[in-house]
Amino acid sequence: MNNFLQILCTIVLTMAQTEFPMLKNDLILKAARGEPVDRIPIWIMRQAGRYLPEFQELRSKHDFFSVCQTPTLACEVTLQPLKRFDLDASIIFSDILVIPQAMGLTVEMVPGTGPVLSKPLKDPSDLSLLVQPNVEKDLKYVGDAITLTRHKLEGKVPLIGFTGAPWTLMSYMIQGGGSSTMSKAREWLYKYPEDSCKLLQFITNTIVDYLVMQVKAGAQLLQVFESHSDFLNDELFEKYSFKYLKEISEKVKQRLREENISEVPMIAFPKGATMNSLEMLAKSRTYEVLGLDWTVDPLEARRRFGPDITLQGNLDPCALYATEQEIIDRARNMAMKFGKTRYIANLGHGILPDTPITSVMAFIEGVHSV
C-alpha cells in the first residue's frame, strides 16, 4: 500500500499546474481581494491537528516531522478537517520551523514541551554555523505536499501555504524553544543590533524563496505567522518585524511578476502586536489581509485600519470551551462586528488540542449564519 501511495504521489507531482482541478469555492480569495461574497469565508488556524482523533491516530504511528516531510502524509492530514467541517480553505500541514532545520539547526517536537532546538544560537559567532538553504531541494517536500494536495482537493477550496516570519524564527533559533519572555532573543536586539539585522535578513531571503516555491507548487494564498509580536514594543516591531514583513511581501510579488506567475493574496498575522504596530502594517497596504488575535476589538480595528484591507480573525480559542449555543452566538456577534465585506472568519490563534469537535461545528455554524 505504501508503495502504491508513493507511485501515486510521483505521478501526481509530475502534472503541470495548469492541470489543477477547477476551483469550486473561491470565497476566501474574493474576500481577500475585497470583492462581494454571499457568505463570510471561514478557516481555522491549526485546523489540521491535535484536536482531531484521526490526526492523533496517524501521529501514533509517525513522528511529527516525518509527517511534515512525507508528502502523502502531509496531504492526508491537510484534508482531514475538510472531511468533517464546512470550511472555506485548507492550509498545508507543515511547521514554521522547517526553515531553521533547512539552515542546519536540529529541531525536535517533544511531547508535552513543543519545539526544542538543542543547539540554539548563543552569540553572533554562531551565525557562521548556519547554511544557506537550497529551498527547491531542501524544502522540496513542502512543495510536493502542496502540489499533491491541490490535486486531491479536487477544487473544493483554496489551499493556503505559509511560513514563520523572520523575528519569530529568529527568536526560536536563539531561545531554543518556547518561552514566556524570549529574553535571550530580545537580548540580541539590544546587545547585537547589527547582527540581529544580519540574521533577520538571512532568514528573510530564505522566506522569499520558500514562499515563491510554494506558489509555484500550487498555493493559492500565503500566510506569514509573526507569532511572537507580543515580545516587541512599537519601536522594536518597526525595526525588527515590520521592515522584514514588508520586504517579504514586496519581493515575493516582484518575483512572481518577473516569472509571469499570477500573484496570490498574502496574509500577515502578527499575534500580540500593539494597535499602533497593527495600524502601521495595515496602512502600509503591503498585505491584502491582516490577521488579528483575540485581544483586538473588531470595531476599533475597522475604525483605525480603514476600509481598504481585509481583516481576519479573531475569536478567542478558549471560547470554544463554552456551550454550543454560546459559541454560535459569539461567532455570529463577532462576524457582525467585522461585517461581511473584506472579512475572513478565524480564531485569534491556533485551535487548542482538546477542543471538542462539536464546538468547531458550532463556531462554523455561527459564522455562516450571518
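## A cavity inside the model

About 30 Å³ of space lies in the largest cavity of this predicted model. A search of the whole structure turns up 1 cavity of 30 Å³ or more.

Which residues line the largest cavity? You will find Pro21, Leu23, Arg150, Leu153, Gly155, Val157 and Gln220 around the largest cavity. Sorted by character, the lining of the largest cavity has 4 nonpolar residues, 2 polar and 1 charged.

## Strand 8, a covered strand

Next, let us visit strand 8, which spans residues 310-315. Is strand 8 mostly covered or mostly open? Strand 8 is mostly covered, with 6 of its 6 residues buried.

## Neighbours of strand 8

Strand 8 pairs with strand 7, residues 289-291, through 3 bridges, and these two strands run parallel. To spot this pairing, look for Leu290, which stands opposite Leu311 in strand 8.

Strand 8 also pairs with strand 9, residues 343-347. This pairing is parallel too and has 5 bridges. Here a handy landmark is Asn314, which stands opposite Asn346 in strand 9.

## Helices between the strands

Which helix joins strand 7 and strand 8 in a β-α-β unit? That part belongs to helix 14, residues 298-305, and the unit is right-handed.

Strand 8 takes part in another β-α-β unit, this one with helix 15 and strand 9. Helix 15 covers residues 324-338, and the unit it forms with strands 8 and 9 is right-handed as well.

How values were computed:
Residues are numbered from 1 along each chain as its sequence is written. This is a predicted model: local features need pLDDT of at least 70, side-chain atom pairs count only at pLDDT 80 or more; totals for chains, interfaces and linings use all residues. Side-chain values use heavy atoms; hydrogens and water are left out. Buried means under 20% relative accessible area, exposed over 50%, partly exposed in between (1.4 Å probe, protein chains only). Helices (H or I, at least four residues) and strands (E, at least two) are DSSP runs, numbered from the N terminus. Two strands pair if DSSP finds at least two bridges between them. A crossover is right-handed if, with the strands pointing away from the viewer, the path from the first strand over the helix to the second runs clockwise. On a 1 Å grid over the protein atoms alone, a cavity is a set of points where a 1.4 Å probe fits but cannot get out, and a pocket is an open set with protein on both sides within 12 Å along at least five of seven lines; lining residues have an atom within 4 Å of a point. Grid points are joined across faces, edges and corners, and a volume is the space filled by probe spheres set on the points. Ala, Val, Leu, Ile, Met, Phe, Trp, Tyr, Cys and Pro count as nonpolar, Asp, Glu, Lys and Arg as charged, and the others, Gly among them, as polar.
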